[in-house]
Amino acid sequence: MQRIAIVGSGHLAHALWGGWRRNPDPQRTFVLVARSDAHRDLWDSTEWGSMVSYDPAAIRGSAMVVLAVKPKDAQETVARIAPYLDGAVLVSPVAGWTIAQFRELAVQGPLVRIMPNVCAAIGASTTLAVFDRVSDQERQAVEALLNDCGSLTVVEESLINPYTALVGSGPAYIFLLLEALIEGGRQLGTDVDRTRELVSSMVEGAARLARDRSQDTLSEWIKQVASPGGTTEASLAVLNQAGWPALLREAVVAASQRAVQLGKPT
Ligand SMILES: NC(=O)c1ccc[n+]([C@@H]2O[C@H](COP(=O)([O-])OP(=O)(O)OC[C@H]3O[C@@H](n4cnc5c(N)ncnc54)[C@H](OP(=O)(O)O)[C@@H]3O)[C@@H](O)[C@H]2O)c1
């Protein structure tokens, strides 16, 4: 039996747990170490009840410990759980926090820095990972765990902050886009629920096309939709005039810079 501890009971913990409980592996048991009832609204909608503990010692005997706490709480939390790690693989999704920083906190054992996203909740996270001092067997176990929440790509650590901005924060950009599209539709008289379903499906289709037809540039696909003098050209003119593409680029750079700041001790 493999014991997995999740430290922190907030949004990411909730999303990862959502992914893991879709097809529960009978060989795994989970324990969630919470600090308070602040995110109780999230637990009530799940089956977390009996797996929750407020005692950091509850991580004892775990093969993997996922540190799902905010960057500002990482140092204190590591100090609390360190006596009970006992060689467990520490899996950190903490934005900005580098492997070297954990090593400075005397975390000597196997460490995996990851950047997942909230789509883990439905097993659709695009997760990046960096492995350090991890044996082949531990690596396989971590990969199996993370693959249950979506796809996993191993990257160099220098790319984690840029990818934090792109795929960790990314779902929020898409939700913002969807919200704006749905509101635009509402102003034109469309039904909100049906529009949400239709535009979500449209985004899924466009994303699949962009990924599956990677031999074509995205500009070529834009041209295929935007015939001269047509409807798409009218909307793209508004977006380009408002500087939308440049704004998105700036947003991504800002998120990556923020990740760097979050990793700096205060
Ligand atoms: N949310 C995302 O989409 C996302 C995506 C990728 C990476 N991340 C990373 O994941 C981490 C968690 O983010 P989040 O959005 O889940 O934050 P969150 O919703 O604020 O949850 C953080 C949780 O950590 C708990 N906590 C803090 N110190 C603790 C301790 N010593 N022992 C036990 N629990 C403790 C907090 O307790 P209280 O309930 O008492 O406040 C809270 O439940 C962050 O480092 C973030 O960078 C998040």
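Mentor: Two strands pair if DSSP finds at least two bridges between them. Helices (H or I, at least four residues) and strands (E, at least two) are DSSP runs, numbered from the N terminus. Residues are numbered from 1 along each chain as its sequence is written. This is a predicted model, where local features need pLDDT of at least 70 and side-chain atom pairs count only at pLDDT 80 or more, while totals for chains, interfaces and linings use all residues.

Trainee: Thanks! In what order do the 8 strands form the open sheet?

Mentor: The protein chain has 8 strands alongside 11 helices. The pairing in the sheet is mixed. Its edges are strand E3 (52-53) and strand E8 (150-154), each with a single partner strand, so one side of each lacks a neighbour in the sheet. From one edge to the other, the order is E3-E2-E1-E4-E5-E6-E7-E8.

Trainee: Which residue in E2 stands opposite Ala5?

Mentor: Strands of a sheet pair through backbone hydrogen bonds, either parallel or antiparallel. Strand E1 (residues 2-7) and strand E2 (residues 28-33) pair in the parallel sense over 6 bridges. Opposite Ala5 in E2 stands Val31.

Trainee: What angle does the direction of H1 make with that of E1?

Mentor: Contact here means C-beta atoms, placed from the backbone, within 7 Å. H1 packs on the sheet and touches E1, E2, strand E4 (64-67), strand E7 (125-132) and E8. Axes are lines fitted to C-alpha atoms, for helices over the stretch in contact, with angles from 0 to 180 degrees between N-to-C directions. By that reckoning, H1 and E1 make about 155°.

Trainee: Which helix gives the largest share of the shell around the ligand?

Mentor: Helix H1 (11-20) and helix H3 (71-85) each supply at least two residues of this shell. H3 also lies across E1, E4 and strand E5 (89-92), at about 170° to E4. The largest share, 5 residues, comes from H3.

Trainee: Which residues come nearest to the ligand?

Mentor: A residue is near a molecule if its C-beta atom, placed from the backbone, lies within 6 Å of it. The shell divides into 15 nonpolar (Ala, Val, Leu, Ile, Met, Phe, Trp, Tyr, Cys and Pro), 5 charged (Asp, Glu, Lys and Arg) and 9 polar, meaning the others, Gly among them. Of the 29 residues around the ligand, those that come nearest are Gly8, Gly10, Ser36, Ala38 and Ala95.

Trainee: Is Gln108 buried or exposed?

Mentor: Gln108 lies in the loop between helix H4 (99-104) and strand E6 (111-115). A residue is buried if 20 or more other C-beta atoms, placed from the backbone, lie within 10 Å of its own, exposed if 12 or fewer, and partly exposed in between. Because Gln108 has 12 such atoms within 10 Å, it is exposed.

Trainee: And how many of the 5 residues of E6 are buried?

Mentor: E6 runs parallel to E5, joined by 3 bridges, and Leu90 stands opposite Leu111 in E6. E6 is largely enclosed by the rest of the structure, because the buried residues number 4 of the 5.

Trainee: How far apart are the C-alpha centres of domain 1 and domain 2?

Mentor: The bounds, from an automatic or database domain assignment, give domain 1 (2-160) and domain 2 (170-262). Their contact takes 6 residues from each domain. The C-alpha centres lie apart by 32 Å.

Definitions and conventions:
Contact = placed C-beta atoms within 7 Å.
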